[in-house]
Amino acid sequence: MDYETMAEELLMIHAKLNRAKFNEQMRGFTQGELYALGYLNENGKRAYPKDISKAMLVSSARVAVIINHLEKKGCVQRIADPSDSRKTVVVMTDAGEKMYSDKQREVIRSVVEALKKLGEHDAQELLRIRKKMIP
């Protein structure tokens, strides 16, 4: 089989997998509010909006909308930067930590079920191959 045919097959598989529940849930961790909370969680519970924007590869306006939604839910707060009051820092609240960890556990349970269907050997091979594809 040539690489072009394999690429076409991979695209079809990817399209079908996108509709799988565990993939929908995992996608939430790579975009939107959950990604922003994850970024904060991994960066000492605080970050500048411009850093979140860079990490998410979205505009600062999009990040402002996400932060506004998270702020309304009580998941983050905006505070003045102690070292430069002209800048704003986004800080994850306890509610934000809880929301993130609850969602993360939910997604992990779903992914565990999908991996169990593969069996241990195939699940390890999937991880090995996916890691190999990271640029």
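**Figure 1. Met1 helps to form a nonpolar patch on the surface.** Helices here are DSSP runs of H or I with at least four residues, numbered from the N terminus. The structure is a predicted model, where local features need pLDDT of at least 70, side-chain atom pairs count only at pLDDT 80 or more, and totals for chains, interfaces and linings use all residues. Residues are numbered from 1 along each chain as its sequence is written, and side-chain values use heavy atoms, with hydrogens and water left out. Start at Met1, which sits in the segment before helix H1 (3-17). Met1 is exposed, at a relative accessible area of 72% (exposed is over 50%, buried under 20%, partly exposed in between; 1.4 Å probe, protein chains only). Together with Tyr3 and Met6, Met1 makes a nonpolar surface patch of about 420 Å². Such a patch joins nonpolar side chains within 5 Å, from residues with over 30% relative accessible area and no salt bridge; areas are Shrake-Rupley values.

**Figure 2. Four helices contribute to the largest pocket.** About 1,300 Å³ of space lies in this pocket, the volume being that filled by probe spheres set on the grid points. A pocket is an open set of points on a 1 Å grid where a 1.4 Å probe fits, with protein on both sides within 12 Å along at least five of seven lines; lining residues have an atom within 4 Å of a point. Of the 30 residues that line the largest pocket, Phe22, Asn23, Met26, Leu126 and Arg130 lie nearest its centre. H1, helix H2 (21-28), helix H6 (94-118) and helix H7 (120-132) each supply at least two lining residues. H6 gives the largest share, with 10 residues.

**Figure 3. Helix H3 is largely enclosed by the rest of the structure.** H3 covers residues 32-42, and it is described as enclosed because 8 of its 11 residues are buried. Follow the helix along and you will meet the buried residues in this order: Gly32, Glu33, Leu34, Ala36, Leu37, Gly38, Tyr39 and Leu40. After H3 comes Gly44, where phi is positive, near 70°.

**Figure 4. Glu71 and Arg78 pair in a salt bridge.** A salt bridge is counted when a side-chain nitrogen of Lys or Arg is within 4 Å of a carboxyl oxygen of Asp or Glu. The closest N and O atoms of Glu71 and Arg78 are 2.6 Å apart. Glu71 is partly exposed, with a relative accessible area of 32%, and Arg78 is also partly exposed, at 33%. This pair belongs to a structure in which a whole search finds 8 salt bridges.

**Figure 5. Lys98, Asp102 and Arg105 form one salt-bridge network.** Look along H6 to find this trio. Lys98 meets Asp102 at 2.7 Å, N to O, and about one helical turn separates these two, as they are 4 residues apart in the helix. Arg105 also bridges to Asp102, with the closest N and O atoms 2.7 Å apart; here the spacing is 3 residues, again about one helical turn. Through shared partners, these salt bridges join Lys98, Asp102 and Arg105. What is the exposure of each member? Lys98 is exposed at 52% relative accessibility, while Asp102 is partly exposed at 28% and Arg105 is partly exposed at 46%. An α-helix has 3.6 residues a turn, so residues three or four places apart point the same way.

Terms used. Patches are made of residues with over 30% relative accessible area and no salt bridge: like charges are joined within 9 Å, nonpolar side chains (Val, Leu, Ile, Met, Phe, Trp, Tyr) within 5 Å. Accessible areas come from the Shrake-Rupley method with a 1.4 Å probe; for residues, only the protein chains shown count as cover.
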